[in-house]
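Reader: Got a minute to go through this model with me? I'd like to start with the aromatic residues.

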Amino acid sequence: MNSTRTGPKIILTEQESKIRSLLVEAAKFMDHIDRDKECKLELRVTGGWVRDKLLGHESNDLDIAVNRMTGAVFAKRLQAHINANTDRLGLRPQQVHTIALNPEKSKHLETATTKVYDVDVDFVNLRSEEYTESSRIPIVRFGTPKEDALRRDATINAIFYNLTTEKVEDFTEMGLKDLNRGIIRTPLDPFATFKDDPLRILRLIRFASRFNFIIEEHVKMAMKDEAIKKALAVKISRERIGVEIEKILKGPDPLLGLSLIEETGLFNFVFYPPLDRLDQGQGPQSSLIQGISALRYILDKPEVSILTANELNDRSAMLQVYLFISVVPWKDLKCRNANKKMSEAVSIVIIDGLKLSSSVGTSVAKIVNSLDLIQSIMESEATWSRKQIGLMIRDCGNTWKYTMFCAMIFELQKHVDDAGTISNKSAQLVIKGFKRLYQYIISNELSDVANLKPILDGNQLQSLFGLKAGRWMRLAIEDVIEWQIENPLSSAGDCREYMLTLKDTYVRMQVSKGGTGNGLK
């Protein structure tokens with residue numbers, strides 16, 4: 001079989017056609033200048049752009065592989081060609097940015113980036129890679145198109161588009177078939193592929209969940225190999241793992257991605273703090289099967305959700321939900337933080353284990369920490385009051401709906417067996433309970449109580465009580481807010497009268513401060 005087997009024709013947009021024509025023209029000019037070179041320049045679009053175009057999706061992710069010079073050299077000569085033909089091309093030369101070799105960030109070869117017709121285009125040379133036993137950093141050299149294709153993580157990412165011939169090239173002889181059949185597989189033996197670079201495990205899970213493709217069984221078997229998973233923990237930085245996890249959880253089907261993480265036994269290697277923060281055997285068991293089943297139960301029945309369609313489609317907010325079902329097993333557990341002090345594990349798993357933002361880690365930890373409060377409220381429905389529910393919402397903050405949503409998932413998880421089957425009768429009871437709580441919030445106009453400002457501020461309270469500022473003010477402000485929640489239609493004057501009944505409490509707090517006399521003005 002011909003290794004350059006051609007496939008379907010790719011239809012270029014007008015902008016892509018202009019880019020192609022310019023690059024081919026520049027390559028021919030360079031060949032004319034470099035007449036002593038044995039081989040002519042060949043330019044190929046590689047990777048995601050080809051895959052996406054063949055799937056019918058538009059893409060601006062243009063990566064160009066060059067055969068006989070580095071990407072940086074070609075990009076600089078391209079801009080020189082543009083500079084010499086500015087008027088004819090209607091272009092101005094652009095700066096070339098070189099992305100240096102950085103193995104720790106998975107950049108194993110220098111890459112050059114420049115703008116061509118307002119599109120960022122990356123240039124790099126064709127290459128082959130050879131890995132050692134102890135490192136995921138390969139020995140890199142110039143390679144042939146086939147060598148470059150075979151080194152890639154998946155056959156569907158190893159399809160090229162030759163800019164000169166305008167033909168699709170499948171040097172693995174599997175990429176086009178796999179793309180048509182919806183199969184994820186590695187060009188070479190998966191055990192060797194993952195051993196060379198274990199991060200590819202998560203990349204393939206990401207592609208499977210993005211395109212709803214099936215991971216080939218032999219590949220999946222290699223993903224489950226304990227030595228491969230240990231290599232993921234040892235050889236791959238937490239930053240790189242976190243990048244892949246965030247892409248999976250912000251993708252079109254995060255639950256499929258999480259299902260594959262669970263199926264391949266990756267929980268203990270992904271949703272974990274840095275290994276030096278734990279005592280051996282301290283970590284929890286995964287509850288992803290239960291979390292996925294509970295969340296899918298809700299998503300499959302939109303009428304039972306307390307979130308609107310727009311809220312469910314908010315990927316940044318839903319990232320916290322998907323992280324919640326992933327890290328909730330760490331609830332009530334602690335591990336060492338960066339200062340070697342014991343701290344709540346949830347935020348450490350997200351911030352230090354996955355290197356996601358501190359705001360995301362803190363938000364998810366806050367959701368987890370709210371579970372016990374919400375559970376106690378659900379168990380005391382007969383005594384619900386505006387004050388009790390309002391304070392719950394203030395404790396949860398502006399994202400209280402997502403916190404309640406996660407609490408519903410957490411309760412539903414308790415009714416999911418190890419096979420992922422949920423008891424419909426029990427689930428309906430849980431959902432009805434949360435729906436009643438939600439309706440209580442709406443009917444009592446408490447949904448915006450997290451933003452409630454005190455009707456009396458600190459200066460007004462000092463004047464009312466004749467006290468200097470002190471720690472009593474925090475309690476007084478809280479008392480004002482609680483009174484407002486219970487008395488939504490009352491005035492500031494009514495609040496002053498109520499607060500005066502509590503004056504002795506604040507005076508005692510001020511006097512007990514020490515060194516302040518009686519604390520009076």
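Author: Here is a short chat about the aromatic pairs and one helix. It's a predicted model, where local features need pLDDT of at least 70, side-chain atom pairs count only at pLDDT 80 or more, and totals for chains, interfaces and linings use all residues. Residues are numbered from 1 along each chain as its sequence is written, and side-chain values use heavy atoms, with hydrogens and water left out.

Reader: OK, how many aromatic pairs are there?

Author: The count is 13, taking rings of Phe, Tyr and Trp (its six-membered ring) with centres within 6.5 Å; planes under 30 degrees apart are stacked, over 60 edge-to-face, the rest tilted. Phe465 and Tyr506 make a tilted pair, 5.1 Å centre to centre with 50° between the planes.

Reader: Are Phe465 and Tyr506 buried or exposed?

Author: Both are buried (under 20% relative accessible area, with exposed over 50% and partly exposed in between, using a 1.4 Å probe and protein chains only).

Reader: And why is the pair of Trp483 and Tyr498 stacked?

Author: Their ring centres are 6.3 Å apart and the planes sit at 25°, so that pair is stacked. Trp483 is buried at 8% relative accessibility, while Tyr498 is partly exposed at 33%.

Reader: Switching topic: why is α8 largely enclosed?

Author: Because 11 of its 13 residues are buried. Helix α8 covers residues 199-211; helices are DSSP runs (H or I, at least four residues), numbered from the N terminus. Among its buried residues are Arg206 and Phe207.

Reader: What follows α8?

Author: Asn212, with a positive phi near 60°.

Definitions and conventions
Helix = DSSP H or I, 4+ residues; strand = E, 2+ residues; numbered from the N terminus. Expected span 1.5 Å × (residues − 1).
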